[in-house]
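Colleague: I am in my first year, and I would like to go through this structure with you by asking one thing at a time. Could you take me through the reasoning each time and finish with the value or name I asked for?

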Amino acid sequence: MAIKRRSVLLGSAALWVGAPAILRAQTSPQASGKIHVSHGFAMHGEPKYKADAGPPDYLNPNAPAGGSVRLGARGTFDSLHPFIVKSVPAAGITAIWDTLCWNSRDEASTEYGLIAETIEWPEDRSWVAFTLRPQARFHDGSPITVEDVIFSLDILKTKGTPIYGLYYHDVVKAEKVGDRKVLFTFRDSTNKELPLILGQLPILPSKWWASRDFEKVSLEVPLGSGPYKVDSFDVGRSIAYRRVPDWWAKDLWMNKGRNNFEVIRYEYYRDVTVQFEAFKAGDLDLRQENIARNWATAYDIPAVRDGRIQRAEIPHELPTGMQCFAFNIRRDFFKDRRVREAIATMFDFAWSNKNLFYGMYKRNISFFGNSELASSGLPTPAELKYLEPFRGKIPEEVFTKEFKLPESDGTGNVRDLARRALALLKEAGWEIKDGKMTEVKTGKKLAFEMLLNDASFERVSLPYKQNLERIGIDMSVRTVDTAQFKRREDEYDFDMMVEGFAQSLSPGNEQRDFWGSKAADNKGGRNTIGIKDAAIDQLIETLIAAPDRESLINVTRALDRVLLWSHFVVPNWHSNTAYVAYWNRFGRPAKSAKYAPVAFDTWWIDEAKDRALQRGEKK
């Protein structure tokens with residue numbers, strides 16, 4: 001559903017049907033049947049919250065506003081313009097623009113109008129119209145208009161990152177049909193998720209951009225409309241956002257109790273270890289821990305023991321997606337599935353989990369893990385309905401075998417893994433000569449580079465390198481800074497890299513960008529692997545056109561099986577728990593949103609705790 005951002009974590013990372021959301025129904029010449037007009041839109045079923053409801057269950061509407069918070073960011077930034085390929089944008093910058101709708105955090109694939117006052121759509125979902133709130137404003141006081149909405153769609157599709165062109169590909173027209181009403185017409189009625197997708201559109205000020213080059217990296221403070229605006233920044237070092245006191249949307253029902261901090265400041269660190277030490281020293285206020293070793297061993301410090309630093313383990317119901325080592329199958333030596341499977345076989349997760357992760361993680365065995373969308377066992381008849389047309393064009397194992405990853409006993413003995421890998425390589429035309437894995441026909445050696453942007457991953461990659469050396473494969477490991485990593489990723493200039501494919505509870509046309517043939521050659525896109533497969537393309541289109549939840553689940557599981565058995569990645573690991581540590585100066589809502597366990601915008605400064613912490617008092 002949402003535009004998926006790259007999210008790589010080292011050891012990391014049922015719809016409640018409420019009162020009817022339909023405000024009125026009418027007929028229209030644009031579509032047959034009923035026209036729905038509502039304050040909210042649910043992909044399946046109806047929204048939980050009524051129009052102008054009280055705050056969501058996971059908010060404290062009485063949370064006090066004020067205070068400042070310091071967060072950590074890694075790498076660097078060179079731009080305050082996050083919508084183009086060349087940019088390395090500052091942390092948090094996208095939050096300064098409001099979107100047409102607001103995404104609910106305790107419902108599956110449900111949105112409510114934010115800039116939009118109402119949402120209108122026909123029964124077949126062949127179009128959607130939004131009526132804008134009259135009070136919606138940019139930070140300079142100018143109104144958010146239909147012209148701004150149309151401009152935002154057009155500029156992002158034509159000059160933004162390739163993600164937007166693919167994401168909004170099926171939106172063929174946006175037009176003004178009233179003083180505050182914009183109508184989006186779709187290519188056809190197959191993609192039932194498009195109303196949700198349009199709801200996520202960030203609205204940019206057309207008049208402000210009229211005198212500026214949208215395709216140019218910029219450090220000019222942009223004009224936004226959201227709860228925060230840029231207050232100050234030091235390029236590559238820090239950026240601070242200040243709460244907008246007269247934010248136009250602060251009194252809407254979904255915002256009471258959110259965006260409580262007066263100032264949010266991001267401090268940048270080139271090294272994760274230095275960033276962690278800054279947190280322990282009190283220079284940062286919160287840390288979401290993604291390194292298992294740290295959580296298990298590095299918090300045995302006085303501030304934790306005496307309660308000045310709190311630690312929380314928060315379970316969640318988010319799909320885990322696929323964190324992995326991704327192959328670039330544009331490389332000739334990775335085009336053979338058997339070669340990829342052999343290389344994947346030599347990753348000894350059991351040893352890593354035991355010796356590096358303290359047993360805290362589970363192996364990824366699905367691209368849609370921790371959800372009902374994940375495949376398991378053999379395909380069901382409902383899944384075979386979608387798979388049978390591609391028999392002979394997709395791996396035969398999809399039909400005959402349950403997908404399982406090879407396992408070791410965790411002792412570091414990888415002889416069984418090596419035998420399996422060597423058999424696969426021999427079948428693919430490779431053999432060991434003079435200690436090096438060599439292609440029989442060409443005499444080329446099997447050597448490639450693992451590209452990292454986080455030195456913490458070296459402790460996982462280097463044992464993997466040693467295992468591959470045992471079967472004559474030379475994998476070098478190279479760690480680069482954030483800017484270089486992004487540039488090489490955007491240009492697909494890598495052999496293998498750490499990658500993350502996040503997923504929502506309602507996968508849709510973003511799957512084209514992940515795995516679709518048309519996306520494979522788009523620089524700066526998300527098909528980093530380089531997949532071009534007609535069967536996968538067709539499964540994606542079938543998924544997008546799924547008429548109901550049951551069909552969506554079954555076709556997603558079918559797609560999952562094809563992706564898994566194609567061995568495009570070396571699956572990593574996941575956790576169903578969010579690990580967060582913070583200095584004891586915050587208040588938190590009593591209930592966490594099940595799809596946003598660490599929703600920091602719902603926290604606030606607890607003055608009593610803050611004063612006690614400043615006095616050095618122990619809990």
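Colleague: In what order do the strands of the open sheet of 4 strands with mixed pairing lie?

Modeller: Please keep in mind that this is a predicted model. The edge strands of this open sheet are strand S4 (68–74) and S11, each of which pairs on one side only, and the twist averages 20° from one strand to the next. Reading across the 4 strands, the order is S4-S13-S12-S11.

Colleague: How many bridges join S12 to strand S13, and which residue in S13 stands opposite serine 238?

Modeller: S12 and strand S13, which covers residues 263–269, run antiparallel and are joined by 5 bridges. Opposite serine 238, the residue to look for in S13 is glutamate 267.

Colleague: In the hairpin of S11 and S12, which residue takes a positive phi?

Modeller: Strand S11 (residues 228–234) and strand S12 (residues 238–243) run antiparallel and are joined by 6 bridges, and tyrosine 228 stands opposite arginine 243 in S12. The hairpin leaves 3 residues between the strands, and the residue with a positive phi, near 75°, is glycine 236.

Colleague: What is the strand order in the open sheet of 3 strands?

Modeller: The pairing in this open sheet is antiparallel. Strand S14 (286–288) and strand S15 (309–315) are the edge strands, each pairing on one side only, while the twist averages 15° from one strand to the next. S15 and strand S25 (residues 577–583) pair in the antiparallel sense over 7 bridges, and the order across the sheet is S14-S25-S15.

Colleague: In S25, which residue is the bridge partner of proline 315, and which helix packs on the sheet?

Modeller: The partner of proline 315 in S25 is threonine 577. The helix that packs on this sheet covers residues 272–280, touches S14, S15 and S25, and has a direction that makes about 140° with that of S14; its name is H5.

Colleague: At about what angle to S4 does H5 run?

Modeller: H5 lies across two strands, S4 and S13. With respect to S4, the helix H5 runs at about 165°.

Colleague: Over which ring does the charged end of lysine 280 sit, and over which ring does that of arginine 311 sit?

Modeller: The charged end of lysine 280 is 4.7 Å from the centre of a ring, which belongs to phenylalanine 276. For arginine 311, the charged end is 4.3 Å from the centre of the ring it sits over, and that ring belongs to tryptophan 295.

Colleague: How many residues lie between S18 and S19 in their hairpin?

Modeller: Strand S18 (residues 430–433) and strand S19 (residues 436–439) run antiparallel, with 4 bridges joining them, and the bridge partner of glutamate 431 in S19 is threonine 438. In the turn, aspartate 434 has a positive phi of about 55°, and the number of residues between the two strands is 2.

Colleague: Is glutamate 449 buried or exposed, and which side chain does its side chain contact?

Modeller: Glutamate 449 is found in strand S20 (residues 447–452). Its relative accessible area is 17%, and because a residue under 20% counts as buried, glutamate 449 is buried. Leaving out residues up to four places away in sequence, glutamate 449 touches Ser476, Arg478, Arg488, Asp495 and Met496. Its side chain makes a polar contact, at 2.8 Å, with the side chain of arginine 488.

Colleague: What is the relative accessible area of aspartate 490?

Modeller: Aspartate 490 has its place in helix H14 (residues 482–490), and the side chain of aspartate 490 makes a polar contact with the side chain of lysine 486 (2.8 Å). Aspartate 490 is buried, and its relative accessible area is 7%.

Colleague: Where is tyrosine 358, and what is the value of its phi?

Modeller: Most residues other than glycine have a negative phi. Tyrosine 358 is partly exposed, with a relative accessible area of 42%, and its place is in the loop between helix H9 (349–355) and strand S17 (362–363). Its phi is positive, with a value near 60°.

Colleague: How many aromatic pairs does the structure hold?

Modeller: One aromatic cluster is formed by Phe325, Phe347, Phe357, Tyr361, Phe457, Tyr464 and Trp573. For the structure, the number of aromatic pairs is 42.

Definitions and conventions
Residues are numbered from 1 along each chain as its sequence is written. This is a predicted model: local features need pLDDT of at least 70, side-chain atom pairs count only at pLDDT 80 or more; totals for chains, interfaces and linings use all residues. Side-chain values use heavy atoms; hydrogens and water are left out. Rings of Phe, Tyr and Trp (its six-membered ring) pair if their centres lie within 6.5 Å; planes under 30 degrees apart count as stacked, over 60 as edge-to-face and the rest as tilted. A charge sits over a ring if NZ of Lys or CZ of Arg is within 6 Å of the ring centre and within 35 degrees of the ring normal. Two strands pair if DSSP finds at least two bridges between them. Axes are lines fitted to C-alpha atoms, for helices over the stretch in contact, and angles run from 0 to 180 degrees between N-to-C directions. Contact means heavy atoms within 4.5 Å. Buried means under 20% relative accessible area, exposed over 50%, partly exposed in between (1.4 Å probe, protein chains only). A polar contact is a pair of N or O atoms within 3.5 Å; within protein, one must be able to donate a hydrogen and the other to accept it, and residues adjacent in sequence count only if both atoms are side-chain atoms.
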